[in-house]
Amino acid sequence: MVKVAIVGGGFMGTTHAKGYKNIGVEIVAIADIDKKAKEDFMKTYNCKGFDTAQSMMEEIHSEIDYLDVCIPTYQHEEMVLLATKYNKHVLSEKPFALTLEAIDNMLEATQKANSIFMIGQVLHFWPEYAKIKKWIDQGIFGEIKLATAVRLGQHPVSEWYGDINKSGGGIYDLHVHDIDFLCYLFGDVEEVYATGKKARKDAWNFVDSTLRFKNGVNATAQAAFGITDNYPFSMNLRIVGEKATAEFSFSAGFNLEDIASAKNSLILYRNGEKPYQEPPSTRDPYEIEIEYFANCVKEGKQPEIVKPKEVRKSIQAILALIKSLETGQVIKI
């Protein structure tokens, strides 16, 4: 049985834990500075608890196969380096990091430690997004004429989200999903342009982005991190090609707390044919993601669906978009 220790018992840590319980991965320990969160987690998952990741790794590193990092973005580098210190594999939540320097430090450390390493870009595993990726790879669309992604959400209540030095703001924490997935679909970005508005202590939380890819595809993406109260978390992806058009629409409650009750649809429109509606998936995408990584650890192979070096390119695009927002210019990458 694959064994994991989790850093962070908040929303994402518990989301991962629920998935581990379903797929038969043993949760050995939780590290969280919040005493109540730690104790609740220990009780629910019958595991050991620690106040810090350092003390946890010192005591139980020999009992686990990998570390699952589910804490704020600015701490990702520290946790990945901690895992590699003990030659452990590591799954780290998105976004990768706030700087390319931090990313390169993590890439170097995991390579030296021969660690199996993945960033939790869950859209790669989200069934409807994955289906669109498959259709593109199969050539169903023909030449891609237009790609548009939208993501709208309320601002999380956690205090650290409001500090751009810790979260990077909406452009990092929310917009990165779509920027990364567009890069996954179309490859390297050639140039970007963005307009937007700042909010929440100087953070770029409202952004419209245009990306031109080296393969000739043009794409747009929109994000709102702090939309009107009671507006449901929403996301949309539309791919328009010479032969077909696909549109995925998703609407859930506040901040994805109840994916099971969400409204979603994926429809494929093809010339000369009736629209095809993909049956909605009932499985939690986060569970699919962690199962994939646990199997990579079990089989001793690096992930192919999410490659850290490729995710680095999406952060490079985010940084270019920030520069465009600040200067009003088109930025080449």
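I started at G153 and looked up its bridge partner in strand 10, which is F225. Strands and helices here are DSSP runs, numbered from the N terminus (E and at least two residues for a strand, H or I and at least four for a helix). This is a predicted model, so I note that local features need pLDDT of at least 70, side-chain atom pairs count only at pLDDT 80 or more, and totals for chains, interfaces and linings use all residues. Residues are numbered from 1 along each chain as its sequence is written, and side-chain values use heavy atoms, with hydrogens and water left out.

**Entry 1: the mixed sheet**

I followed strand 10 outwards. Strand 7 (residues 144-153) and strand 10 (residues 218-225) run parallel and are joined by 7 bridges. For two strands to pair, DSSP has to find at least two bridges between them. On strand 9 I also found 7 bridges to strand 10, but these two run antiparallel. There L211 stands opposite A219 of strand 10. Strands 9 and 10 make a hairpin with 4 residues between them, and G216 in that turn has a positive phi of about 100°.

Then I wrote down the whole sheet: it is open, has 9 strands in the order 14-13-12-11-7-10-9-8-15, and its pairing is mixed. Strand 14 (276-278) and strand 15 (331-332) are the edge strands, each pairing on one side only. Helix 11 packs on this sheet and touches strand 8 (189-199), strand 9 (203-213) and strand 15. I count a contact when heavy atoms are within 4.5 Å. The direction of helix 11 makes about 60° with that of strand 8. For such angles, axes are lines fitted to C-alpha atoms, for helices over the stretch in contact, and the angle between N-to-C directions runs from 0 to 180 degrees.

Elsewhere in the sheet, strand 12 (residues 244-252) and strand 13 (residues 263-270) run antiparallel with 8 bridges. S249 has S265 in strand 13 as its bridge partner.

**Entry 2: the parallel sheet**

My next stop was an open sheet of 6 strands, in the order 3-2-1-4-5-6, with parallel pairing. Strand 3 (48-50) and strand 6 are at its edges with a single partner strand each, so each has one side without a neighbour in the sheet. The twist averages 20° from one strand to the next. I checked strand 2 (residues 26-31) too: 3 bridges join it to strand 3, running parallel. I30 stands opposite G49 there.

**Entry 3: helix 5**

How far apart should the ends of helix 5 be? Helix 5 (residues 100-112) has 13 residues, so at 1.5 Å a residue it should span 18 Å, and its end C-alpha atoms are indeed 18 Å apart. The expected span is 1.5 Å times one less than the number of residues.

I listed its buried residues as A102, I103, M106, L107, A109 and T110. Buried means under 20% relative accessible area, exposed means over 50%, and partly exposed is in between (1.4 Å probe, protein chains only). The buried residues pack against helix 4 (76-85), strand 5 (89-93), strand 6 (117-120) and helix 11 (308-327). I zoomed in on M106, which is buried at a relative accessible area of 0%. Leaving out residues up to four places away in sequence, M106 touches H76, E77, V80, L81, F96, A97 and F117. Its C-alpha atom is 10 Å from that of L82, which is 24 residues apart along the chain. Just after the helix, N114 takes a positive phi of about 55°.

**Entry 4: the cysteines**

How many disulfides are there? I found 0 in a search of the whole structure, taking a disulfide as a pair of cysteine sulfur atoms within 2.5 Å. The sulfur of C70 is 13 Å from the closest cysteine sulfur, that of C47, which is too far for a bond. C296 is in no disulfide either, with the nearest cysteine sulfur, in C70, 17 Å away. C70 counts as buried at 11% relative accessibility, and C296 counts as buried at 1%.

**Entry 5: the core and one threonine**

Last, I looked up the largest nonpolar core, which has 112 residues. Such a core is a set of buried Ala, Val, Leu, Ile, Met, Phe, Trp, Tyr and Cys residues joined through side-chain atoms within 4.5 Å. Y66, F186 and I239 have the most contacts inside it. Skipping neighbours within four places in sequence, I239 is in contact with residues including I132, F141, L185 and F186.

I also checked T15, in helix 1 (residues 11-23). T15 counts as buried at 13% relative accessibility. Not counting residues up to four places away in sequence, T15 touches D284 and Y286.
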